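Subject: Structure handover

Dear colleague,

Please find below the structure I promised to pass on to you. My notes on what turned up in it follow directly after.

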Amino acid sequence: MAAAVANGLKKEQTRPNKCAVISGPTNPMVTPLLTDLYQFTMAYSYWKAGKHDERAVFDLYFRKNPFGGEYTIFAGLEECIKFIAHFKLTEDEIAFIRSSLPPTCEGAFYGYLRGINCSDVEIYSIPEGSVVFPKVPLMRIEGPIAVVQLLETAFVNLINYASLVTTNAARHRFVAGKSKLLLEFGLRRAQGPDGGISASKYCYMGGFDATSNVAAGKLFGIPLRGTHSHAFVSSFLSPDEITDKSLKHHDGSSVCKDFVSLVKTWLNKLKGSRILGGIFSETNQSELAAFTSYGLAFPGSFLALVDTYDVMRSGVPNFCAVALALNDLGYRAVGIRLDSGDLAYQSCEARKFFQTIEKEFGVSGFGKMSITASNDLNEETLDALNKQGHEVDSFGIGTHLVTCYAQPSLGVVFKLVEINNQPRIKLSEDVTKVSIPCKKRCFRLYGKEGYPLVDIMAGENEPPPKIKNEKTYLPLRRLGNDVLNNWSKCGRIT
């Protein structure tokens, strides 16, 4: 067994004459039965006609870039490799197929299904994570026609959403800019558990920095981020509820026996400030209690959601009082999260508040406290924030990201292009649905400055583009890793 997945989250390493161990699909529901019924009816018809072992070539591609954009990010290859590496029908699955097909189907067909695997299937693919374009095959799948047909639906399923959400994530990264921290917060809005797990994996591939999804963190090693909700804040009534008020100094040298009093002392100092005192008078005490309790629990990673009651009159001052008390004990708070209202204005006002504290009280670095924004963000709101001007350092994005709200599907297709070395084409009155026949190789041409200019498809037996001189021909590079002239052969299960 030999397979290599380029640019994925986990790469299988292969060596000559060695067998690489490939784990099964992430989702245990990805089995040979994850397909449309007509794949099995076609398999029977191929078998009945004696055509089931004829060598076929299929292209997997899409017809139009999503989101009205000009590019797509290819993803899902790793899961396809895992699927074919473990493709084997169980006795229970064969029995179910038998019960689902007409009783006139010959019993010997089920013996044929029992022996099916992907030992004679080859996949040639653009590396996962590459920028790709319409009509250019993402994958070329070769093998016995009946077997490859049984792979079709699962492959389309595994590539479709993966590439769509990876592209969506990459577009959000482009709008936000390289310097901003992007956090995927979409699990509760995703289309079911698998939608949530897949979104976390492929948003990370698309340029996000972390996820709130604990299961995805365990499965894929994605960094986790998360603090608390509004419910945590509103669950407290007053600081009197806090029973254990002690907190060790960061270096362990001493213990503050009444951290609550230290927080109140700092809040009074802020109230007495000539500049800050005019912004607020009395803050919400239940919120202060919640922030103090959270600071006691996580002194080294204190980040507070500050919009439960009033951002500038309560949330930010209460956060700062806890953060300054932690600073006295050698800890550095992380920052705040805004989840409603005018995010641009609030972030700018909060930044001014932090900077005033740094200047007035001499707390080094306080003015650079991190500000995170959430609340149904999407490409348009990120762009609007950039145009308004803001002080947000990181964005938590959920619904519009993981549901691909702007477009529900990429429209991946799987088309026969050759059988028994004979090209095949699908004709249609809809020109966009006409397939490009024959086995192909794909090339990406680069200009002198190193930027890609165009993708070219050529027949398998046609000569590749050649460099005659630097002025008239373009150098070839390997798609995805800057040294490629065609597809990588990414899997032959033997």
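Ring pairs join Phe232, Phe236, Phe291, Tyr294, Phe298, Phe302, Phe319, Phe354 and Phe366 into a cluster, and I should say at once that the model in which this cluster appears is a predicted one. Over the whole structure the search returns 18 aromatic pairs. One of them is formed by phenylalanine 232 and phenylalanine 236, whose rings meet edge-to-face, with 5.2 Å from centre to centre and 65° between the planes. Within that pair, phenylalanine 232 is partly exposed at a relative accessible area of 25%, whereas phenylalanine 236, at 14%, counts as buried.

Two members of the cluster, Phe291 and Tyr294, are also listed among the buried residues of helix H10. This helix covers residues 285–297, which makes 13 residues, and its span from the first C-alpha to the last is 18 Å, close to the 18 Å expected at 1.5 Å a residue. Because 10 of its 13 residues are buried, H10 is largely enclosed by the rest of the structure. Besides the two aromatic residues, the buried set includes Ser286, Glu287, Leu288 and Gly295. As for what surrounds the helix, its buried residues pack against helices H8 (230–234), H9 (259–271) and H11 (311–328), and also against strands S9 (247–248) and S11 (303–305).

Rings also take part in contacts with charged groups. The charged end of arginine 140 sits over the ring of tyrosine 124, at 4.4 Å from the ring centre, while lysine 269 lies over the face of tryptophan 266, with a distance of 4.2 Å to the centre of that ring.

On the cysteines, the search of the whole structure finds zero disulfides. For cysteine 348, the closest cysteine sulfur belongs to cysteine 320 and is 16 Å away, so the two are too far apart for a bond. Cysteine 348 is partly exposed, with a relative accessible area of 23%, whereas cysteine 80 is buried, at 0%.

Finally, on the overall layout, the domain assignment gives a domain 1 made up of 37–176 and 408–485, and a domain 2 that runs over 227–375. The C-alpha centres of domain 1 and domain 2 lie 53 Å apart.

With best regards

Key: Residues are numbered from 1 along each chain as its sequence is written. This is a predicted model: local features need pLDDT of at least 70, side-chain atom pairs count only at pLDDT 80 or more; totals for chains, interfaces and linings use all residues. Side-chain values use heavy atoms; hydrogens and water are left out. Rings of Phe, Tyr and Trp (its six-membered ring) pair if their centres lie within 6.5 Å; planes under 30 degrees apart count as stacked, over 60 as edge-to-face and the rest as tilted. Buried means under 20% relative accessible area, exposed over 50%, partly exposed in between (1.4 Å probe, protein chains only). A charge sits over a ring if NZ of Lys or CZ of Arg is within 6 Å of the ring centre and within 35 degrees of the ring normal. Helices (H or I, at least four residues) and strands (E, at least two) are DSSP runs, numbered from the N terminus. The expected span of a helix is 1.5 Å times one less than its number of residues. Contact means heavy atoms within 4.5 Å. A disulfide is a pair of cysteine sulfur atoms within 2.5 Å. Domain bounds come from an automatic or database domain assignment.
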